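Hi,

Here's the structure I said I'd pass along. Have a look at it first, and my notes follow underneath.

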Amino acid sequence: MPDMSASASLAMTHLVPLAKELDEDKVTPGVLGFIVFAVMALAVWGLMKSMNRHMGRVDFEESQESQESEDSEGPRDGAEDVAVADGGTKQR
């Protein structure tokens, strides 16, 4: 089995010149950019978790009380009151 320290030193001799080739005038986000990105990612994760919790609490089914109150309002035979131009209403 080859010696791992020899492989590591060989890799370092090839990577060090690559690191020196970086342009020192180049602007990079750095640590501050990473921190801002990480905070934004955590905020989005928290908002998504909160949204899922709130959407889980929503009840899309009508309760029996609201269905009974709609039924007791009166017959729904297709007749509707429609507003007319003179300010009154007429039945369709």
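Starting with the surface: the accessible area of the protein is about 9100 Å², and carbon and sulfur atoms account for 61% of that. Keep in mind that this is a predicted model. Of its 92 residues, 0% count as buried.

On the fold, there are 3 helices and 2 strands, and along the sequence they come in the order α-α-α-β-β.

Confidence is mixed, so to speak: the average pLDDT is 75, with 50% of the residues scoring at least 70. Helix 2 gets the highest confidence, at 96, while strand 2 (residues 89-91) gets the lowest, with a mean of 57.

The bit you may want to look at is a nonpolar surface patch of about 620 Å². Val 44, Met 48, Met 51, Met 55, Val 58 and Phe 60 make it up. One of these, Met 51, sits in helix 2, which spans residues 30-57. Is Met 51 buried, partly exposed or exposed? Met 51 counts as partly exposed because its relative accessibility is 42%, between the 20% and 50% cut-offs.

Cheers

How values were computed. Residues numbered from 1 in each chain as written. Predicted model: local features only at pLDDT ≥ 70, side-chain atom pairs only at ≥ 80, totals over all residues. Heavy atoms only, no water. Helix = DSSP H or I, 4+ residues; strand = E, 2+ residues; numbered from the N terminus. Buried < 20%, exposed > 50% of the residue type's maximum accessible area, 1.4 Å probe, protein only. Areas by Shrake-Rupley, 256 points an atom, 1.4 Å probe, with all protein chains shown as cover. Patch = residues over 30% accessible without salt bridge, like charges linked within 9 Å, V, L, I, M, F, W, Y side chains within 5 Å. Salt bridge = Lys/Arg side-chain N within 4 Å of Asp/Glu carboxyl O. pLDDT = per-residue confidence, 0-100.
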